[in-house]
Amino acid sequence: MANSESGQPSGRVDAAKNGFTHGQDDTTVDLNSPPSMGAFASKAGYVDVIVTQPRPTFFMDALNINYATISARAVAYVQQSGSGCIYVLSPDAKLAFTMTGGSTLNVGCGIYVNSNHPNDAMNVGSASTINAASINVVGGTDIHPSATVNPTPVTGVVPQADPLSHILEPEMGPCDYTDPQIRASGTCTFNPGVYCGEIKVASRGTLGIFNPGEYIPMSKGLLVKGGANAYADSVTFFATYNDNYSFLGYNITGGSTTVFKDPPTGPRAGLFFMTDRRVYNTKQNHIGGHSIHDHRRNHLYAGNAARLQRRHVYA
């Protein structure tokens, strides 16, 4: 419901867990939002689920009545709902969503993990903390006893469709920069374009400033490390690859203070990190190492896996 969906698939999944599978043994499971009957009929925010199934009558055999149709109905109210802002779309990856080393993630919206891995689709390590509006996982979770996760993840949910499928990927032209673009001292400036080498803010005390526009890193990807800092206003990074250059993705680590602000207008407004939808491998986009990471409108789009490591990440 938080994503403007009917809720019917989720209602039927949960009913099946309790032994009532829609379409089997003449069973029907229907969801109405809002309810069509009862005390909460037509009230916004309420839903009802009605399960109907023919059952043997036993004691009415003498009257030649062998079966009777039985229905059960339940009503629920959504007190709080928040649209998703973290989606991990891999259908089967182990550790699709991972937090380690005392990470803290605070989001006022929903987290959705599509991986159906039976016991480790979502992994939260020792002393790590998540506070979110909702946490929804198709598969299973592995949460360390010392971790704090609010609210408790709901597992076995229906996979989410790509919420950003309507956003086109940038058109990639020839390489604008073929040599590694490494900045190791002082204040340095990067310009938009296709980077077929590494984009790297390399050492402690360095400030990398990214001018507005779209950055398309391939090969070594984007790396901010070693106590270096980075600032970008009205930018989108699109990590991709081709036959000549591999995919690496994003890596912000080493005590970095990174401020990336997405573009407020244009075809990719609201996106500051975007990953090629073709990417499906073990490479992870990584934010960690006591990093403080800030952005404007809650959109990091990493198609396969996201890893948040150590201390504080605010989204």
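How many salt bridges does the count come to? In this predicted model, the count comes to seven.

One salt bridge joins the side chains of Asp 48 and Arg 73, with 2.9 Å from N to O. The two residues come from distant parts of the chain, 25 residues apart. Asp 48 belongs to strand 2 (residues 46-56), and Arg 73 to strand 3 (residues 67-77). Asp 48 has a relative accessible area of 0%, so this residue is buried. Arg 73 is partly exposed, at 35%.

A second example pairs Arg 268 with Glu 214, at 2.5 Å from N to O. Here the partners are 54 residues apart. Arg 268 sits in the loop between strand 24 (257-261) and strand 25, while Glu 214 is in strand 19 (residues 213-217). Arg 268 is buried, because its relative accessibility is 9% and the cut-off for buried is under 20%. Glu 214, at 29%, counts as partly exposed.

Glu 169 and Arg 277 also form a salt bridge, and their closest N and O atoms are 3.6 Å apart. Both residues lie in loops: Glu 169 between strand 13 (154-155) and strand 14 (181-183), Arg 277 between strand 25 (273-275) and strand 26 (285-287). The pair therefore ties together parts of the chain 108 residues apart in sequence. Glu 169 is partly exposed at 27%. Arg 277 is partly exposed at 32%. A network of salt bridges links these two residues with Asp 162.

Aromatic rings make contacts too. The whole structure holds 13 aromatic pairs. Tyr 87 and Tyr 112 form a stacked pair, with centres 5.2 Å apart and 10 degrees between the planes. Tyr 87 is in strand 4 (residues 84-88) and Tyr 112 in strand 7 (residues 110-113), 25 residues apart. Tyr 87 is buried at 12% relative accessibility, and Tyr 112 is buried at 9%.

The rings of Phe 237 and Phe 260 have planes at 35 degrees and centres 5.1 Å apart, so this pair is tilted. Phe 237 lies in strand 22 (residues 235-239) and Phe 260 in strand 24, with their positions 23 residues apart in the chain. Phe 237 is buried, at 0%. Phe 260 is buried, at 0%. Both rings belong to one aromatic cluster, whose members include Tyr 177, Phe 190, Tyr 195 and Phe 210. Tyr 215, Phe 272 and Phe 273 are also among the members.

A charge meets a ring at Tyr 241. The charged end of Arg 278 sits over this ring, 4.2 Å from its centre.

How values were computed. Residues are numbered from 1 along each chain as its sequence is written. This is a predicted model: local features need pLDDT of at least 70, side-chain atom pairs count only at pLDDT 80 or more; totals for chains, interfaces and linings use all residues. Side-chain values use heavy atoms; hydrogens and water are left out. A salt bridge is a side-chain nitrogen of Lys or Arg within 4 Å of a carboxyl oxygen of Asp or Glu. Helices (H or I, at least four residues) and strands (E, at least two) are DSSP runs, numbered from the N terminus. Buried means under 20% relative accessible area, exposed over 50%, partly exposed in between (1.4 Å probe, protein chains only). Rings of Phe, Tyr and Trp (its six-membered ring) pair if their centres lie within 6.5 Å; planes under 30 degrees apart count as stacked, over 60 as edge-to-face and the rest as tilted. A charge sits over a ring if NZ of Lys or CZ of Arg is within 6 Å of the ring centre and within 35 degrees of the ring normal.
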